[in-house]
Structures are given as structure tokens and as C-alpha cells.
Amino acid sequence: MFTGASQFALVGVLGAGGGALAAVLTALLLGARNSLYAVSLRPFLRDPHGRSTPWWRVLGRAQITIDESTAMAIRYPEGTRQARHAFWTTGVAIFVLWNLGTLVGALGAAALDDPRTLGLDAAVPAGFIALLWPRLRDRSAVALALVSAAVALALVPVLRPGLPVLAAALVAVAAERLTRRRT
Amino acid sequence: MIWPAVIAGSIGCYLLKLAGYVIPERFLEGERLRRLTALLPIALLAALVAVQTFSVGTTLQIDARLAGLAAAIIALLLRAPFLVVVLVAAITAAVLRATGLAG
């Protein structure tokens with residue numbers, strides 16, 4: 001899995017005692033934005049001479065389609081070498097470093113007695129809020145975040161672990177409906 | 001059930017990305033879908049922050065994780081990079097526990 005928020009969410013839900021299905025669903029809902037990144041990237045990664053992209057390159061593109069590679073590619077004009085270069089170098093560099101980091105973490109965690117002593121349980125929500133932070137661009141985003149957090153917390157005592165977070169997806173659906181009616 | 005979840009999640013997340021390149025664009029171009037996929041990460045990440053800060057199984061509790069989260073928010077306000085934010089939170093919680101100020 002190469003899409004940070006989904007990876008953290010999957011591990012977070014499983015670690016908190018949530019079921020495998022809830023963990024996978026949360027990861028997929030968080031990863032759904034990558035589909036739209038791919039759609040918006042198409043014109044940027046298009047061959048300027050109109051040649052079709054070989055299938056193996058499409059498979060590679062898909063794997064490194066993440067927030068960062070998308071952000072770097074769309075800074076350049078559509079279909080240019082610079083756009084494709086920015087996409088591939090960013091994606092491959094982060095892919096390598098990210099997975100090295102995951103490996104180090106996996107090996108390091110095995111050597112720990114109690115991760116709480118090192119405050120690693122506090123590192124988890126910190127990681128999530130760091131991923132959330134740049135998305136809180138306006139008041140409605142902050143409101144959605146606060147309502148989602150409150151709904152999830154209210155459901156913690158009544159639902160199995162993992163499900164309160166999934167319920168927040170319904171808050172997003174409701175928010176989309178509300179804002180659509182207004183505009 | 002850890003590895004099946006990891007493998008299923010990995011394949012699913014990859015297919016979501018691939019779908020964006022191979023499915024005809026008109027299926028994915030709806031304004032509604034575009035807005036919803038922008039809102040989903042906000043709602044899910046906020047819920048994950050809250051649940052991972054306050055929950056222990058199906059109970060809620062306040063402990064050193066909340067101090068860690070506060071430290072992380074301060075670091076974010078100071079525009080600290082991702083790794084620093086995470087480290088600051090962990091160190092804050094670890095110090096509070098080592099000194100017995102928080103559980």
C-alpha cells in the first residue's frame with residue numbers, strides 16, 4: 001500500500017482492535033481521492049506527440065499517484081516533459097524513502113517492550129492531524145473536521161472499534177449534501 | 001487477520017489509482033463525486049485524530065496522548081514538518097509518563 005493516510009488508518013484501526021473489514025474500508029475511503037488525482041493527471045502525463053502510453057507505464061504511474069507527485073506534476077504545463085519528470089521523480093523518491101521508513105519502523109517496533117513508554121501511541125494522532133492540517137483551508141473544512149471528530153467520539157462506547165471512524169464518512173456525505181443545497 | 005487486511009487494502013488502494021487512468025473520464029467527472037472525495041479525507045482524518053487520542057477499546061479516557069496532540073498542534077502552527085510534529089507529540093507524552101505527570 002502506497003498512500004500514507006490509508007496506510008496509517010489501516011494500521012490505526014487494526015491496532016485499536018477494529019475488525020479487518022472496517023480497517024480496509026477506512027483505508028479505501030481515504031484512498032478514493034487518488035482516483036481523482038489520476039483523472040486530473042491524465043492531460044499532464046499525456047504524450048505530447050499523441051502516442052498512447054504503454055500499459056506497463058500506466059501500471060507504474062498508478063502506483064506512484066499520491067498527493068505529492070500530483071502536486072508537483074500539475075505545476076507544469078500539460079503534456080510537457082517537465083510535468084512527467086516532476087511526477088516520476090517525486091513519486092519514485094517518496095516511494096523508496098517511505099517504504100524504507102516503514103521497514104525501519106516495523107523492525108524497530110519488534111524491539112520495543114511497551115511503545116507507550118516512548119509515547120508512540122501519542123505519535124499516531126499527531127500523524128493524522130499533520131495529514132489533516134493542510135486540508136483545513138476554510139471554515140467549512142474546520143467545521144466538518146470538528147463534527148466528524150465529535151460524532152466518532154460519541155460512537156466509541158457503542159460501536160465496535162474501527163466503526164466510529166467509518167461513521168465519519170457519513171458525516172462527509174451529509175456535509176456534501178448540505179453544501180450542495182446551499183450553492 | 002492482519003495480513004489479509006494489509007493485502008486486501010493494498011490491492012484496493014492500487015486499483016482505485018489505476019481506475020483513474022483506465023476508466024473513461026465521464027464516469028469519474030461528476031461534481032458531486034469530486035466534492036465528496038475532497039471531503040472524505042477531512043472527515044476520516046479528524047475522526048482518526050479524535051479516536052486515537054481519546055479511546056482505549058470502547059472506552060474514552062484522557063491521558064498523555066492529549067498533551068501530545070496539543071504539542072503537535074503547536075508544532076503545526078509553527079509550520080513544523082511532518083516528522084517533527086510526530087516526534088514532538090511522542091516526546092511530550094513520553095516525558096509526561098516518565099515523570100509520572102500523566103498516564
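This report describes the fold of chain A in a predicted model and then some of the residues within it and in chain B.

Residues are numbered from 1 along each chain as its sequence is written, and chains are lettered from A and ligands numbered from 1 in the order in which they are written. Because the model is predicted, local features need pLDDT of at least 70 and side-chain atom pairs count only at pLDDT 80 or more, while totals for chains, interfaces and linings use all residues; side-chain values use heavy atoms, with hydrogens and water left out.

**Chain A as a whole**

Chain A contains nine helices and zero strands, where helices (H or I, at least four residues) and strands (E, at least two) are DSSP runs numbered from the N terminus. Its C-alpha trace spans about 60 × 50 × 25 Å along the principal axes. Chain A has 183 residues, and 45% of them count as buried, a term that means under 20% relative accessible area, with exposed meaning over 50% and partly exposed the range in between (1.4 Å probe, protein chains only). The accessible surface of chain A is about 9500 Å², and carbon and sulfur atoms account for 67% of that area, as computed by the Shrake-Rupley method with a 1.4 Å probe.

Contacts, defined as heavy atoms within 4.5 Å, often span the sequence: among those in chain A between residues at least 6 apart, 67% join residues at least 24 apart. Chain A also carries 18 positive and 9 negative side chains, and the centres of the two sets lie 11 Å apart; Lys and Arg count as positive and Asp and Glu as negative, without His and the chain ends.

**Aromatic pairs**

Over all chains the structure holds five aromatic pairs, meaning rings of Phe, Tyr and Trp (its six-membered ring) whose centres lie within 6.5 Å, with planes under 30 degrees apart called stacked, over 60 edge-to-face and the rest tilted. Two of these pairs are set out below.

| Pair | Centre distance | Plane angle | Class |
|---|---|---|---|
| Phe8(A) and Trp98(A) | 5.7 Å | 40° | tilted |
| Phe87(A) and Trp88(A) | 6.0 Å | 90° | edge-to-face |

The pair of Phe8(A) and Trp98(A) links distant parts of the chain, since Phe8(A) lies in helix 1 (residues 4–15) and Trp98(A) in helix 6 (residues 81–110), 90 residues apart. Phe8(A) is partly exposed at 26% relative accessibility, and Trp98(A) is partly exposed with a relative accessible area of 26%. In the other pair, Phe87(A) is buried at 0%, whereas Trp88(A) is partly exposed at 27%. Ring pairs also join Phe8(A), Trp98(A), Phe128(A) and Phe82(B) into a cluster.

**Two further residues**

Ser6(A) belongs to helix 1 of chain A and is buried, with a relative accessible area of 0%. The side chain of Ser6(A) reaches the backbone nitrogen of Gly31(A) at 3.3 Å. Leaving aside residues up to four places away in sequence, Ser6(A) touches Met1(A), Ala27(A), Leu30(A), Gly31(A) and, in chain B, Cys13(B).

Phe54(B) is found in helix 2 (residues 31–54) of chain B and is partly exposed, with a relative accessible area of 21%. Leu66(B) is 12 residues from Phe54(B) along the chain, and their C-alpha atoms are separated by 7.4 Å. With residues up to four places away in sequence not counted, the residues that Phe54(B) touches include Leu153(A), Thr59(B), Ile62(B) and Leu66(B).

Note on methods
Charge placed at Lys NZ, Arg CZ, Asp CG, Glu CD. Polar contact = N/O pair within 3.5 Å; in protein donor to acceptor, adjacent residues only side chain to side chain.
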